[in-house]
Amino acid sequence: MNFFKQGDFYIMANIISDETIEYVGILAKLELSEDEKEQAKKDMGSMLDYIDKLGELDTSGVEPMSHVFPVNNIFREDVVTNGDDSRNILSNAPEEKDGSFVVPKTFD
Amino acid sequence: MSKEYETVIGLEVHVELATKTKIFCGCSTAFGGAPNTHTCPVCTGMPGSLPVLNKQVVEYAAAVGIATGCTINRFCRFDRKNYFYPDNPQNYQISQLYLPICQNGGISIETPEGGKKTVGIHEIHMEEDAGKLVHDEWGEASLVDFNRSGVPLIEIVSEPDMRSAEEVIAYLEKLRLIIQYLGASDCKLNEGSMRADVNLSVREKGSSEFGTRTETKNLNSFKAIARAIANERERQIDIIESGEKVVQETRRWDDTKEYSYPMRSKEDAQDYRYFPEPDLVPVIISDEWFNEIKAKQPELRDEKMVRYKEQYGLPDYDIDIITANKKLADIFEETVSLGSSPKKVSNWLMVETMYLLKEKGMEPDKVTFSPANLAKLIKLTDERVINGNVAKEVFEKIFDEDIDPEAYVKENGLMSVSDEGELKAVIEKVIAANPKSVEDINSGKLKAMGFLVGQTMKEMKGKADPASVNKILKELLGI
């Protein structure tokens, strides 16, 4: 997988360290093989390079955008509209017990 | 311990708002439903579902902000806080990081030394609650109930301005009363509608640098908070005294063992990778909307306390008890508006009501009697239709069943006897039967009067008017 094809002469500006890829793996709860780690390092480096292009633009005086649509204040009134849909909701559970989703044993 | 240490405490308080529905969907927030019966694709994080903000959440959050002296950000928006945990179905929590709704406030508390101080409020933001994990005792699994997932919360983040458990509790009590007065939440620590996380560090007295802080979670009562603070202070001092360094970490308090242990390991690094929530548009609070919210603010406790003194001339002691609960304050004001004397209403609330609440293990919020019936009872005693002891009995009936005291007194023949002729006959009988007491009174031991009054009341089955009994008794004894 390589999102951003680059020429042979291209030198990545962003080098992803082993520690970083390890850390990202922990955050994403992914276990990668050594080969996958190397590939992911390359992919992430080129993605960051691509994004660095944005830094070349002069954005001084541009308001940071908070949303792509020029709309605001979309609300619901505080009225109950949903009934008991637990049967449908629980049909998405890989495993169900006593009306609850079953997950691996988890401690707080 | 050779050095003196100062404890520095800041709080993160989560409060469940009293809305009927969740923050981003039309599911009920009612407590205690069967697992997953208040869920939908939005609050269970199904792909493709979209959140829509509950307007009431914004109004409650702004109301709390106004009442705590915060600046209300007229432009605010939501952010995603990313983490994996089974009670969090989306794998992110919608919260506010960059532009929270309220900032830079503070509330005044009384310190244990008797002074006043302001505890700063850094910010208040809106967010959604997570589901509930139940550990399956029979299997190697946990069960998830998403009824609580998406229940609206506000998180109130204080500045590190508190220095003792007493100050922390004073702050929490003040905050709780403000929010209860606003009707924004019932703020019950034991039911989890108010939760406090304690950020604590210690430093040598006089130092201006902060020490390394820890965060303690799972504190479900004021007692647990006080114990956890004392415990964490000692733990950190021990570490520093032994020449080691306090580690910044989150700890979980175990109230039965009275000790805390670190909650998250390195594997669970706290890196939430916040980014603006793309599924929700910004919230803009116009001047018009802001003024509407402000106009709806009820009178808060501090204002009430001043007014009760000025308008009703009540003693500080009474004011403190009555205004400590909005329900009691409401009953007080309504009863007074029906024409009863403020001090008499106050006495019924402070003495009998508090006594019955304690007796029955009830919270003041659960009081159901009507101000009209209390006003009628006070009128019956003012007009000496019934005496004080009978009134207490009748009040208990009002407290329990909200009976109409006028009808009840009539039906049960509880009217006081103040007919002089009838009373005189009884008192003469009592005097004749108790020559020892009469002798005592004649030799100056006036205490014996009380005994004779008591005997008369007994003869009259409690229905005599005490003032008349006293008067006749004195006449007959010639004193």
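Select helix H7 of chain B, residues 326-337, in this predicted model. H7(B) has 12 residues, and the distance from its first C-alpha to its last is 16 Å. That is close to the 16 Å expected at 1.5 Å a residue.

Stay on H7(B) and show its side chains. Which of its residues are buried? They are Lys326(B), Leu328(B), Ala329(B), Ile331(B), Phe332(B), Glu333(B), Thr335(B) and Val336(B). To see what surrounds them, add helix H2 (165-182), helix H5 (301-312), helix H6 (316-323), helix H8 (342-359) and helix H9 (371-382) of chain B. The buried residues of H7(B) pack against these helices. An α-helix has 3.6 residues a turn, so residues three or four places apart point the same way. Next, select Gly339(B), just after H7(B). Gly339(B) takes a positive phi of about 105°.

Now zoom out to the whole of chain B and colour it by domain. Domain 1 covers 5-289, domain 2 covers 299-411 and domain 3 covers 420-477. Taken over C-alpha atoms, the centres of domain 2 and domain 3 of chain B are separated by 32 Å. Where these two domains of chain B touch, domain 2 gives 4 residues and domain 3 gives 5 residues. The side of domain 2 that touches domain 3 in chain B has 1 nonpolar, 2 polar and 1 charged residues.

Move to chain A. Chain A has 3 helices and 3 strands, and along the sequence they follow the pattern α-α-β-α-β-β. Of the 108 residues of chain A, 7% count as buried. Among the contacts in chain A with a separation of 6 or more, 62% are between residues 24 or more positions apart.

Show both chains and look at where they meet. How many residues does each chain give to the contact? Chain A gives 35 residues and chain B gives 41 residues. On the side of chain A that touches chain B, select helix H1 (18-27), strand E1 (75-76), helix H3 (86-90) and strand E3 (100-104), which each give two or more residues. The largest share, 5 residues, comes from E3(A). By class, this side of chain A has 14 nonpolar, 11 polar and 10 charged residues.

Finish at E1(A) and strand E2 of chain B, residues 53-54. E1(A) and E2(B) pair in the parallel sense over 2 bridges. Pick out Arg76(A) here: opposite Arg76(A) stands Asn54(B), in E2(B).

Note on methods: Residues numbered from 1 in each chain as written. Chains lettered and ligands numbered in written order. Predicted model: local features only at pLDDT ≥ 70, side-chain atom pairs only at ≥ 80, totals over all residues. Contact = placed C-beta atoms within 7 Å. Helix = DSSP H or I, 4+ residues; strand = E, 2+ residues; numbered from the N terminus. Nonpolar A, V, L, I, M, F, W, Y, C, P; charged D, E, K, R; others polar. Pairing = 2+ DSSP bridges. Expected span 1.5 Å × (residues − 1). Buried ≥ 20, exposed ≤ 12 C-beta atoms within 10 Å, placed from the backbone. Domains from an automatic or database assignment.
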